Amino acid sequence: MMRKKRKREAPSSPCRSHGPAPATAPPRSAWTGMGLRAARSCAPAAEQRRQPRPCPPPPAPLLLLLLLSLGLLHAGDCQQPAPCRIQKCTTDFVSLTSHLNSASDGFDSEFCKALRAYAACTQRTSKACRGNLVYHSAVLGISDLMSQRNCSKDGPTSSTNPEVTHDPCSYHSHAGPREHRGGEQSPPSYLFCGLFGDPHLRTFKDHFQTCKVEGAWPLIDNNYLSVQVTNVPVVPGSSATATNKITVIFKAHHECTEQKVYQAVTDDLPAAFVDGTTSGGDGDAKSLRIVERESGRYVEMHARYIGTTVFVRQLGHYLTLAIRMPEDLAMSFEESQDLQLCVNGCPLSERIDDGQGQVSAILGHSLPRTSLVQAWPGYTLETASTQCQEKIPVKDIYFQSCVFDLLTTGDANFTAAAHSALEDVEALHPRKERWHIFPSPGSGARLGGGSWPISLGLTSLILIMFL
């Protein structure tokens, strides 16, 4: 009968067969769905005598993908992740821009080159710097600076390897940063000296003096640069003088430039050296050049090989001078060259202030009605102060000098001279906190902000000038 012929079948299992496996089917590892590994028999312990039927193997593409993933994972364990190099990018940018002077010709071009190099460096390290706040801040800062300076994204870049781009005629390429205690590095230190007005001198040490110094006097005389000024009396019978001639000598320096001499006198402010040239050195990148900013009124000299900038202006009938120079070069001179007004100031016998750089009194004190003070009509202390304050709102030593010059000469051009002198300080002086000088009684000139008390009457200074 049919019922007798039917055999009893065991319940099917997704992993095994309870009947004997075919003789041709050897046992295999089972696929667990979580990776490849040898699986124990899916059968209960009581049925270990029965051989399990192997599970179906996983699809070939999935198997290959898992093997590939595992291989990549183990390969990654053998490699260190690339470090974020944003600090190196920033250090290179600072190195490329620390020596640049915003007042010099070509500043924008060089600054944009450095910015593009900075941007390229951040792009190269972008993958390693994901999630780094310093990196993202730098990227935003670069974008802002490029917008402010109107820099194009495409264009030449500055090299970030100074050893490769070493230029013997660039002070900044061979001077490099200075190392201080603790291993910190800083760019080269610069000094500022200025002369203007009656004349008023600001030395390399930021000492402010009003001097007579009639005739020819050396401001600077070191191994690289000589600057001499000639002062003449402003008004008959007064010891007040002003500058009517300036001579600047750039000394020969190896292969960078031959000796060049520049000379300016009242109403003759040339835009060339005395030999008729406007630059020194070979090649396209001149190591020394003259730039005329205002015809017959304002020229700049840029000596790239010694990192020095010189401004010469004519305001009214007299000349003004401002100089920025690296400290190590400015102090490079012999003992016999110690007479330098920018280094040591005016000799005591030539000063007409009180030794503290104070050349006027605080507003609010009236001048006595003496015939001496009224020798130059048109200005009182109040009117002179009002006129000077229009150009110099901060009542610092430059404001004082302006008032002093108006009262002692009656020449309104001295207002412009004091104002331009302060502008030159802001353009060339390396430390912003030292731009303004505020005299204080008993302690000499004081640097920094704040008001200053009454310490010296204008009348006494004017009287000194006539002694």
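**Exercise 1. The largest cavity**

The largest cavity of this predicted model has a volume of about 70 Å³. State how many cavities of 30 Å³ or more the structure holds, and describe the lining of the largest cavity.

*Solution.*
Step 1. The search covers the whole structure and gives three cavities of 30 Å³ or more. Rolling a probe the size of a water molecule over the atoms reveals where empty space remains.
Step 2. The lining of the largest cavity is made up of Phe192, Gly194, Leu195, Phe196, Arg202, Thr320, Leu321, Ala322, Tyr398, Ala421, Asp424 and Val425.
Step 3. Two or more of these residues come from each of the elements β3, β14 and α11. Strand β3 gives the largest share, four residues.
Step 4. Sorted by character, the lining has eight nonpolar, two polar and two charged residues.

**Exercise 2. The eight-stranded sheet and its helix**

Determine the order of the strands in the open sheet of eight strands, identify its edges, and find which strands helix α11 touches.

*Solution.*
Step 1. The order is β5-β4-β3-β14-β13-β12-β11-β10, and the pairing is antiparallel.
Step 2. An edge strand pairs on one side only, and here the edge strands are β5 (208-210) and β10 (279-280).
Step 3. Helix α11 (residues 413-428) packs on this sheet and touches β3 (190-196), β4 (200-202), β13 (308-315) and β14 (318-326). The direction of α11 makes about 165 degrees with that of β13.
Step 4. Within the sheet, strand β11 (residues 288-294) and strand β12 (residues 298-303) pair in the antiparallel sense through six bridges. One bridge partnership to locate in the structure is that of Glu294 with Tyr298 in β12.

**Exercise 3. The second largest pocket**

Give the volume of the second largest pocket and characterise its lining.

*Solution.*
Step 1. The volume of the second largest pocket is about 660 Å³.
Step 2. Its lining counts 29 residues, and those closest to the centre are Tyr190, Arg324, His429, Pro430 and Arg431.
Step 3. Both β3 and α11 contribute at least two residues to this lining. These two elements also supply two or more residues each to the lining of the largest cavity.
Step 4. The lining of the pocket comprises 14 nonpolar, eight polar and seven charged residues.

**Exercise 4. The four-stranded sheet**

Establish the order of the four strands in the other open sheet, and decide which residues of β9 lie on its covered face and which on its uncovered face.

*Solution.*
Step 1. The strands follow the order β6-β7-β8-β9, with antiparallel pairing.
Step 2. Strands β6 (215-221) and β9 are the edges, each pairing on one side only. From one strand to the next, the twist averages 20 degrees.
Step 3. Six bridges link β6 with strand β7 (residues 225-233). Ile220 has Val227 in β7 as its bridge partner.
Step 4. Strand β8 (residues 241-250) is likewise joined to β9 by six bridges in the antiparallel sense, and Ile249 stands opposite Val261 in β9.
Step 5. Side chains in a regular strand alternate between the two faces of the sheet.
Step 6. In β9 (residues 260-265), the covered face carries Lys260, Tyr262 and Ala264, whereas the uncovered face carries Val261, Gln263 and Val265.

**Exercise 5. Unusual backbone angles**

Locate Asn150, Asp267 and Pro199 in the chain, and state what is notable about the backbone at each place.

*Solution.*
Step 1. Recall the general rule: most residues other than glycine have a negative phi, and most peptide bonds are trans.
Step 2. Asn150 lies in the loop between α5 (133-148) and α6 (171-175), and its phi is near 55 degrees, a positive value. Asn150 counts as exposed because its relative accessibility is 70%, and the cut-off is over 50%.
Step 3. Asp267 belongs to the loop between β9 and β10. Its phi, about 65 degrees, is positive although the residue is not a glycine. With a relative accessibility of 60%, Asp267 therefore also counts as exposed.
Step 4. Pro199 sits in the loop between β3 and β4. The peptide bond that leads from Asp198 to Pro199 is cis, with omega near -15 degrees.

**Exercise 6. The surroundings of Glu110**

Is Glu110 buried, partly exposed or exposed, and which residues does it contact beyond its neighbours within four places in sequence?

*Solution.*
Step 1. Glu110 is part of helix α4 (residues 107-124).
Step 2. Its relative accessibility is 35%, so Glu110 counts as partly exposed.
Step 3. Once neighbours within four places in sequence are left aside, Glu110 is in contact with Leu100 and Ser158.
Step 4. Glu110 and Leu96 are 14 residues apart along the chain, and their C-alpha atoms are separated by 8.7 Å.

Note on methods. Residues numbered from 1 in each chain as written. Predicted model: local features only at pLDDT ≥ 70, side-chain atom pairs only at ≥ 80, totals over all residues. Heavy atoms only, no water. Buried < 20%, exposed > 50% of the residue type's maximum accessible area, 1.4 Å probe, protein only. Pairing = 2+ DSSP bridges. Contact = heavy atoms within 4.5 Å. Axes fitted to C-alpha atoms, helices over the stretch in contact; angles between N-to-C directions. 1 Å grid on protein atoms, 1.4 Å probe; cavity = no way out; pocket = protein on both sides within 12 Å on 5 of 7 lines; lining within 4 Å. Points joined across faces, edges and corners; volume = space filled by probe spheres on them. Nonpolar A, V, L, I, M, F, W, Y, C, P; charged D, E, K, R; others polar.
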